[in-house]
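Subject: Handing over the structure, with notes on what was found

Dear colleague,

I am passing on to you the structure shown just below, and after it you will find my notes on what was found there. Please read them with the structure open beside you.

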Amino acid sequence: MNQQQALFEYLLRLGDSDLILAQRLCELVGHAPALEEEMAIGNVALDLLGQARSWLKYAGEVEGAGRDADALAFLRNEREYRNLLIVEQSNGNFADTLARQYLFDAWHYYLLQALSASADERIAAIAAKGLKEVTYHLRRSSAWVRRLGDGTDESHAKMQVAIDEIWTYSGEMLVADEADKLLQAAGIGADLEQVKQQWQAHVAATLAEATLEQPAEDSYMQTGGKQGYHTEQLGFLLAEMQYLPRAYPGASW
Amino acid sequence: MNQQQALFEYLLRLGDSDLILAQRLCELVGHAPALEEEMAIGNVALDLLGQARSWLKYAGEVEGAGRDADALAFLRNEREYRNLLIVEQSNGNFADTLARQYLFDAWHYYLLQALSASADERIAAIAAKGLKEVTYHLRRSSAWVRRLGDGTDESHAKMQVAIDEIWTYSGEMLVADEADKLLQAAGIGADLEQVKQQWQAHVAATLAEATLEQPAEDSYMQTGGKQGYHTEQLGFLLAEMQYLPRAYPGASW
Amino acid sequence: MSPEERAFQEKIDADIKIEPKNWMPDAYRRTLIRQMSQHAHSEIVGMLPEKNWLTRAPNFKRKLQLLAKIQDEAGHGLYLYSAMETLGADRDEEVAKLHSGEVKYSSIFNYPTLSWADMGTVGWLVDGAAIVNQVVLQRTSYGPYSRAMIRICKEESFHQRQGYQILLHMMREGTEEQKAMVQESINRFWWPSLMMFGPHDGDSPNSAQSMQWKIKRMSNDDLRQRFIDQTVPQLELLGCTAPDPDLKWNPERGHYDFGEIDWSEFYAVLKGNGPCNRDRLRTRRNAIENGAWVREAARKHAEKHNKADAA
Amino acid sequence: MSPEERAFQEKIDADIKIEPKNWMPDAYRRTLIRQMSQHAHSEIVGMLPEKNWLTRAPNFKRKLQLLAKIQDEAGHGLYLYSAMETLGADRDEEVAKLHSGEVKYSSIFNYPTLSWADMGTVGWLVDGAAIVNQVVLQRTSYGPYSRAMIRICKEESFHQRQGYQILLHMMREGTEEQKAMVQESINRFWWPSLMMFGPHDGDSPNSAQSMQWKIKRMSNDDLRQRFIDQTVPQLELLGCTAPDPDLKWNPERGHYDFGEIDWSEFYAVLKGNGPCNRDRLRTRRNAIENGAWVREAARKHAEKHNKADAA
């Protein structure tokens, strides 16, 4: 793998994770527990969609094969998608949605913080802009984890189950593979070891405040998303998301 | 509308209704309340799929534009689909699934009985073969309506809600439009007025045995499926069902 | 007429806005609450037919636009509920009335969105009809409502142009299939959009009082005519047609003539028998009911922590 | 050894089938119940990875085939539970053990199906491996199990050929994308299929007793070798490769040599840490739990009407 290939992979991972999580949030529009949450969910989805477009546009340029952000988003199949497994998991109830969001946001925040100092100016710029948005995402989702964890007995129980269920998908974002290492060495990618420590500290503090138990440290972690091996959920999501471009090949909208 | 066009429409309606209901039943595989029901649901879906293929194959021949059953099933869009609205409604709980199935089966049974005497030999043959299968479908679904209606308080309540909710979609199959009338006049299509009387008698008897209340006779009835105006549910179903042929145009599987 | 009532009507006649702390007749207050809550509910329910295509938008640009538009509608709902609350009404109570069917939302949202072109048509025709109403309401007599309308109108005009652009793009750059999709969408939404202005003036019994109070500022039929007059040239620019053989320019009137609306459909949908009435209400009701434990947890958490902070 | 035990073992040694009413050692009964229930559960859970593509099958022929195959598996589950019940076990109790995690199903079904090609690969490799096991089990010592196996084997062979045909068609008539899809699918399922035969003979402690009782008739390693030997030529005919650089014909042994299995993965998946363990069990548990009211209603209805008939 050369640096350009690694960069392409890296940008796909960033863009795809944003896009797929935004798509899951889009599914929730009209179903939030209060109008204010309707706004919040939509805002987070908008931010993620915007970031996804920036990453994928850059990915297309790095690839140099003439694919723009739309071609990458709407015409790749499941195996070519590089999003983290955590973002493709279904919405479940509000606690499930928030558990997924929080564990992702905490990682996303520290990652973009690190990438803001990337030697690749384009990455640094996209990350710095995204970081402002994600600062709000993280504030919101961690507040909800605390609120539901330390709310009623029912909300506490639901939040604990939600954390326990999603936990197995929280490992792969913290582990560097070849592409991660290559780009870190080049000063372009983030130091995932550092992000991991920051993430762990944030999560430990939030769960403690939320009076929730943290799953065992040696819990089994699912991996594969970054390499294109997904759960069975992604195919259905893509079938819906890509329907129009697939059904009307070549059409402009 | 000439007779050939009417026949094409008529065959699409038959085939599409079978296909879409089969697709809904396919979604349930692995989720039935008992292994014996797993078998039953799968068998009904298999029968309907087989019938759909026969109708659509014939439809393609009547159209004469080189489309086979697969092209009609997997490459038409929502507006071109001619299934009844009732079959595209989501599965809901087991009572919802059975209410939909029963109201459809009762119509399907009398319709195929009438079509077994069609002046069009091909239609008569497909209908006669299908009728044997649908005889079993109707026996099963009406038994379940009785069982759930006259079972526990919970099952009674669920079955009543299910009937009330699906009822608005039970009208259009009993009303003849231009294509229906043209083909009935030619001795090819069924007399829907007669089917309606038979259907009403069967439904009234079954609901009475099931200790269920029949919705008011002047209930508002949704229409449009036969003319290609569907509910918002169909688009999602088609996006999933047609994904592979859409994503890999021209591929042979 | 009491002195208070006389003073109230004089202010209205002089185009001075009524503000929350001013005296107002009960019927004025009730009529406004009803109208504003219906308007707010319409914004919220109106998110659903668009959400139906949000997960299937064909590219980034359209997906971002559509989501932003839906967000704006949620925002409009929030403004309008707030403005309504200045009259002493309670948002949750009004939402409960929506869910029980006691209060309505705009019937247009009981029609399904069946193709991507509907995302253009809804913006162009539905928001277009709404704007014709709302432009006039910017001059409505109740201050908070009037100010909400000014803000909303700006965003709605943007939505309308965006919707029109979706259709124009499909008509100019699109395939034959896409062009057919546009025409088919217009065929479905044309008449329901005209119905958005309500029944004929003669069949609209409460209008006179509302006109006097300047809650309403133009009659249903006048608004409808204004909408048609501004819309037909846009329709022609698209290269599409309306499903109305009687639609044609009348040089004597200086207006377009148009065919008679199918009022039986209008009243059927109003009564609950549109294609989506049950779905829309069920979706809203489920959202609020399924969220009860969440709102309860938030309340409980705030209670605990306010106590903790106070201690 | 008691006289009963001796007589029992003599029958087995003479290849006389044990029938439900015959005396048998408790451990023989328990081992069989465990093995047959695991086998039955595997048929039922095994429906799920195939169901995952049922709603997305690409044409009528494949959709009908796939549904018929899934139906056959439900049928196999039913035979096997019935055969198991001849030993005094109860289906519901055994299913409860599955749901609590006390009894396992074949680990292969904890791998996801990620492309349509998996519908071919599962038929060819997974059913293929199952058949190698089952062919031998046709001669198992317990009569009802042996007879169930004979029936099941016939259908499984049909499924295997069908699966192979799916892949062959894609390799011969398919686009480059489809061919890549086939190879990618084989890459994922190759090693898990080899793991289906269980650990090395040395690590399979209960095998000796099962062999003596002829519940088991060949060792894990021998079965695995047989599977590989018959599969590699089929792989070559496809024009595909296995993800195993050590796979090659050994003319001295008259068998294919192959690389070492990653036993850590085998034990991880067995422990519950495969990609789909939780999903599969949750799906089954929900199906049965959500159906409780249905089964209860059916019981109640039967009760009422049996009473009515008797009266």
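I begin with a single residue, C:Thr283, which is found in helix α12 of chain C, a helix that covers residues 277-290. Please keep in mind throughout that this is a predicted model. C:Thr283 counts as buried because its relative accessibility is 19%, and the cut-off for that word is under 20%. Once its neighbours within four places in sequence are left aside, the residues in contact with C:Thr283 are A:Gly30, A:His31 and C:Leu48.

Chain A as a whole

Chain A has 11 helices and zero strands, so that reading from the N terminus on gives α-α-α-α-α-α-α-α-α-α-α. For a chain of 253 residues, a compact globule would be expected to have a radius of gyration near 18 Å, and chain A agrees with this, having 18 Å. Taken along the principal axes, the box filled by the C-alpha atoms of chain A is roughly 55 × 40 × 30 Å.

Of the 253 residues in this chain, 63% count as buried, while the area that chain A exposes is about 8,700 Å², with carbon and sulfur atoms supplying 50% of it. If one takes the contacts in chain A between residues at least 6 apart in sequence, 81% of them join residues at least 24 apart. As for charge, chain A carries 21 positive and 37 negative charges, and the mean positions of these two sets are 5 Å apart.

Salt bridges

Over all chains, the count of salt bridges comes to 68, and three pairs and one network may serve as an introduction to them.

The pair I would look at to begin with is A:Glu36 and C:Arg91, which form a salt bridge whose closest N and O atoms are 2.4 Å apart. A:Glu36 lies in helix α2 of chain A (residues 35-63) and C:Arg91 in helix α5 of chain C (residues 91-100), and therefore this pair joins two chains. A:Glu36 is partly exposed, with a relative accessible area of 39%, whereas C:Arg91, at 19% relative accessibility, counts as buried.

Within chain B, B:Arg76 forms a salt bridge with B:Asp16, and here the closest N and O atoms are 2.7 Å apart. Because B:Arg76 lies in the loop between α3 (69-74) and α4 (85-88) of chain B, and B:Asp16 in helix α1 (residues 3-28) of that chain, the pair ties together parts that are 60 residues apart in sequence. B:Arg76 counts as buried at 1% relative accessibility, and B:Asp16 is buried too, with a relative accessible area of 0%.

In chain C, C:Lys97 forms a salt bridge with C:Glu94, the closest N and O atoms being separated by 3.2 Å. Both C:Lys97 and C:Glu94 lie in helix α5 of chain C, where they are three residues apart, or about one turn of the helix. C:Lys97 is partly exposed, with a relative accessible area of 28%, while C:Glu94 is buried, its relative accessible area being 5%.

Returning to chain A, you will also find a network of salt bridges that links A:Arg13, A:Asp177, A:Asp180 and A:Lys226.

Backbone angles and one long separation

Two loop residues deserve a look for their phi angles. A:Thr211 has a phi near 55°, which is a positive value in a residue other than glycine, and its place is in the loop between α9 (192-209) and α10 (233-241) of chain A. C:Lys214 likewise is not a glycine and has a positive phi of about 55°, and this residue lies in the loop between α9 (207-212) and α10 (220-238) of chain C. A:Thr211 is partly exposed, with a relative accessible area of 43%, whereas C:Lys214 counts as buried at 13% relative accessibility.

Finally, B:Ala247 has its place in helix α11 of chain B (residues 243-247), and at 9% relative accessibility B:Ala247 counts as buried. Along the chain, B:Ala247 and B:Ala45 are 202 residues apart, and their C-alpha atoms are separated by 25 Å.

With kind regards

Methods: Residues are numbered from 1 along each chain as its sequence is written. Chains are lettered from A and ligands numbered from 1 in the order in which they are written. This is a predicted model: local features need pLDDT of at least 70, side-chain atom pairs count only at pLDDT 80 or more; totals for chains, interfaces and linings use all residues. Side-chain values use heavy atoms; hydrogens and water are left out. Helices (H or I, at least four residues) and strands (E, at least two) are DSSP runs, numbered from the N terminus. The radius of gyration is taken over C-alpha atoms; the globule rule is 2.2 Å times the number of residues to the power 0.38. Buried means under 20% relative accessible area, exposed over 50%, partly exposed in between (1.4 Å probe, protein chains only). Contact means heavy atoms within 4.5 Å. Accessible areas come from the Shrake-Rupley method with a 1.4 Å probe; for residues, only the protein chains shown count as cover. Lys and Arg count as positive and Asp and Glu as negative; His and the chain ends are not counted. The place of a charge is taken as NZ of Lys, CZ of Arg, CG of Asp or CD of Glu. A salt bridge is a side-chain nitrogen of Lys or Arg within 4 Å of a carboxyl oxygen of Asp or Glu.
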